[in-house]
Amino acid sequence: MAEQNQGKAVQTTGHAWDGDLQEFNNPLPRWWLWTFYATVVFAVIYWIWYPAWPVADSFTKGIGTVTYQRDGKEVTTHWNARAELIEEMQTGSETMKQQAYLQKVAAASYDEIVNDPDMMAFTRSMAKVLFADNCAACHGVGGTPARIGLYPNLRDDAWLWGGDIASIEQTIREGRNGFMPAFGQVLGEDKVEQLAHYVLSLSGHAVDTAKADLGQAIFQGKEGGCYYCHTESGKGMASQGAANLTDAIWTVADVPGAADDAARINAVEAVVRNGVHRQMPAWSGRLDDTQIKLLTVYVQSLGI
Amino acid sequence: MSQSQLYAARTNIYPRSVSGRFRRIKWAVVVLAYGVYFLLPWLRWERASGANQAVLFDLAGRKFYLFDLVVHPQDIFWLAGLLMIAAYLLFFVTGLAGRVFCGYFCFQTLWTDVYILIEHLLQGERPARIRLAAAPWSAGKIARIGLTHVLWLLMAFVTGLTFVLYWGDAPQLLGHFFAGDAPFAAYATTLFLTATTYVMAGIAREQVCTYMCPYARFQAVMFDKDTLIVSYDEGRGEGSKGRSRLGRQLKTRDARAEAGVGDCIDCGYCVQVCPTGIDIRNGLQIQCISCALCIDACDTIMDSLGWERGLVAYSSERRVTTGEQLRLLRPKVIGYAAVLLLAVGLLAWSVAEQAEFDMSVQQVRQPIYVQLSDGRIQNSYEIKVNNKTNRLLTLRFRAQGLPPGAELDFGRFEEVSLQPEQRLRLAASVRLMPDEFDGHSHPFELVAEPQGNVGIAPLAHPSVFFVPQKEPGR
C-alpha cells in the first residue's frame, strides 16, 4: 500500500502491538458514516409505522393501517401483510378485471358461454378453483374419484342424472338422492347370483348363460322389478338416476377393478344384495347463481 | 500523528476542461446516448394492433414493443441471451481495452460529464470554481451555486421522467403526470430517479465508481499484461533524475536530456482534468475509469511545446515494463469474441425465426385416462395457443400419428379464431380403442394449421396418448 502512493506513507492507527505490529489506517469516507445514521433513522420510522417490538404477550402495532372488507363491512386494522393481501385481492387491478369478466359470464346465456372460446377458458380456470373447494372432496380434483364405488366419475361420457346443461344445473342446485333398494332379503342368495350373471352379460362379460337367463326373468319380471328403473333393455333412466347397465361404465360395483370373473360377480352381487344409497347435497344455498353457472359449464366440459 | 482519523471528509474535485481526440469521442457518445434516451419514447410507430410507440415496455399488457418486434412473456429467454451477450461483451472489451465501458459509456460517466458542464458554464473554469467554493457566502455565490443545483435537479427530473415514459404511452402519460392522475409508480419512479441522478451525478460523482460500483472492482480481474490501460511513460517522463518544471535551463528536450530530466514538465494538467482526482503518473489505480482525458491534457501540452505526443497514452502493462509492442489479438480476446459472436448469432436467429404463433400441449394427468361407455380410452389435453401476429388468425387442429379410428375432440372449437395478440386456452381429448393394452404412452403430434392463405406454417406439438396396462373390466 505504501508503495502505491509513492513515498507518501500511509497513516497508521498509531498503535503498535508486540513492538512493531501496526495497522494501516485508510479512513472511510465520512458520508459512509452518514448512511449508517440514515439506516438508524429509517429503523426508528419503521418502528413507528409498522408492527415492531414485542411487548409482554403482544407487540407494538405501529400507526400504519390497512382497510378492507369483511362480510360486507369495512374493517380497519393495524398494518400487516395478511390484511394487505386481502385488501389487494379485493381491490387490486387484477381483481377488477376478474370481476368485470365474471359479470360478463353471469350475464351470458349457457349457449353464449359454451360457444365462446374466451369465456370457456375463463370459466374453466375460475370453476376449477370452485370445483376444488366444493366438489373435489368427493369427486376428486380432476373429477375422477379415487376408486369406483365412491362417487360418480365426471370425466367419462356416462351421466346418471342426465348430461345436458339443465340436468347438471339441477343436480348441483338441488342435489340428488341416489337410491336402489337392497334385494338380498327379498330374493335370497341364489337369485342375487343369477341377477349378477345377467347384469354382467348386459355389458358383454363372459357369464354362466343358464344363470343369466334365470336372472333375466327376475330382472324383467315382477319378482325383481329391476326394469322399473333400469328399463327392460337395462339402459337406465336419468330421471331416477338409474345406471345404464349395458355400457362399460360402473359407478358402484367395481367391475373394472376386479381381478377375475368371480370377483366381478361378487362385486355386482354386493350391490344387488345391499342396494345403493348415495346422496349429493344441494348447493343452491352455499353457492351463488354465477358460481353454479360456472360449475355447470365446467362439469359438462370435463368429459372433453 | 497521535490521534488518527477513522473517517475522512471528502476532497472535492474540480476537473479542468480539456479538448482533444478523446474528449471529442466522449462528447459524441454523450450526444448520441442523450439523443437516443430522451427522444426514443417520442418516436411513433405504425402497428396494425397494439401501441403506436416505437419502444414501449407495456407491463400491464405483458408485451414489450421494440420497433417491429413484439416481445411476449414466453420470449423471456431472449432476456437471458441479451444478458449473456452483455456479459461477454463486457469480458471481451475489458480484456481487450480495459475499462472502456467506465470511461466512455457508463451512465454515471455520461451524466457526470453533463453535470460538470453545467457547473462549468455557471461557475467558470476550475480555478474560478475553487475560488468560489472557498469564498464567503454572498448573494452572488448563493445565486451561482443555487442556480447550478436548480439546473442539476431539472436535469435529474427530466432524466427520471423520461425513464418513466418508456413504460407507458409517452404523450398520454406526460399529460396524466402533470395533471396529477398518473399511476403512483410513475411518480415514485420519477422521484427516485431524480434523487439518485442528482446525488450520483451532482454530489457523489467519482465516489460512486470508487466505493459503490462492483464493475470497477471486478473489471480489474479481467485485465492481463496486454490489456490497454491509460499509462504514463515513466522512462520518458522522468529521465534519470525525475520530472522537472520548465526552468530557465530546461526549456528544450536536449537541455533536459543533458540534465537527466525527463519530458514531464510537471504542469499538473493531467491531474487537474482527472474526474476521479488521481495522478496517472503514479501508475494504474483502482480509481482510474480510463476516460483518457489525461491523454488529451498531456497531448495538448506536448503539442504546445512542439514535442512528440504520447507521454501519457494508451499502453499495456507489458509495454510499460518491457517496452514490447502492443499485442491486441490474444487467445483470450479471440475466445471471448468467438463466444460473443455465437451468442449474438443465436439470439438474432431466435428472434428472426420465431413462429408467428405458438402452441403448447399438456396432457391432463389427473386422471391420466378415463374409460368411456363404449369401452374406448380417452386422454385429455390442455392446449394453449398464442397469436403473435397482428392479424386475425384462424387455426384448425388435427392429430398426427394416432392409430386409425382415433377421434380428436375439441368440443366446439376445432377451428378457433384468435384476435391479434390473443392468447387462448382450449381443452381437447383423444379417444380410441387400443389394439393392445400395453401400459405405454404413445407419442403423437397435435398440429395447428392456420386457415386461409396467410403464409404461416403449421405448428406441430408433440404429446402422448396413455394406454392402460389392462383393459378395464376384462
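Here's a quick walk through this two-chain model, from confidence and contact down to a few single residues.

Before we start, this is a predicted model, so local features need a pLDDT of at least 70 and side-chain atom pairs count only at pLDDT 80 or more, while totals for chains, interfaces and linings use all residues. As for labels, residues are numbered from 1 along each chain as its sequence is written, and chains are lettered from A and ligands numbered from 1 in the order in which they are written.

Okay, confidence. That's pLDDT, the predictor's confidence in each residue, from 0 to 100. Chain A averages 91, and 97% of its residues score at least 70. The stretch to be wary of is residues 1–7 of chain A, where the pLDDT is below 50. Leaving out near neighbours in sequence, that stretch has six contacts in the model. By contact I mean two residues whose C-beta atoms, placed from the backbone, lie within 7 Å.

So how do the two chains meet? Chain A puts in 33 residues and chain B 35 residues. On chain A's side, the elements giving two or more residues are β1 (12–17), β3 (28–29), α1 (30–49), α4 (110–115) and α5 (117–134). Those names are DSSP runs numbered from the N terminus: helices are H or I with at least four residues, strands are E with at least two. Which element gives the most on that side? It's α5(A), with four residues. By class, chain A's side has 15 nonpolar, eleven polar and seven charged residues. Nonpolar here is Ala, Val, Leu, Ile, Met, Phe, Trp, Tyr, Cys and Pro; charged is Asp, Glu, Lys and Arg; the others, Gly among them, are polar.

There's strand pairing across the chains, too. β3(A) runs parallel to strand β1 (residues 7–8) of chain B over two bridges, and pairing needs at least two bridges found by DSSP. Pro29(A) has Ala8(B) as its bridge partner there.

Now over to chain B. The domain assignment, which is an automatic or database one, gives domain 1 (21–42 + 106–221), domain 2 (225–322) and domain 3 (357–466). Over C-alpha atoms, the centres of domain 2 and domain 3 of chain B are 73 Å apart.

Chain B also has an open sheet of four strands, in the order β12-β10-β14-β15, paired antiparallel. β12 (415–418) and β15 (459–466) are at the edges with a single partner strand each, so one side of each has no neighbour in the sheet. Within this sheet, β10 (393–400) and β14 (441–450) of chain B share six bridges, and Leu395(B) sits opposite Pro450(B) in β14(B).

Last, some loop residues to click on. I'll call a residue buried if 20 or more other C-beta atoms, placed from the backbone, lie within 10 Å of its own, exposed if 12 or fewer, and partly exposed in between.

Asp18(A) is in the loop between β1 and β2 (21–24) of chain A. Its phi is near 50°, positive in a residue other than glycine. Is Asp18(A) buried or exposed? It counts as exposed, because it has 6 C-beta neighbours inside 10 Å.

Ala292(B), between α13 (269–272) and α14 (293–305) of chain B, also isn't a glycine and has a positive phi of about 70°. Ala292(B) counts as buried, because 24 C-beta neighbours lie inside 10 Å.

And one for the backbone fans: a cis peptide bond joins Gln366(B) and Pro367(B), with omega about 5°. Pro367(B) is in the loop between β7 (357–363) and β8 (370–371) of chain B.
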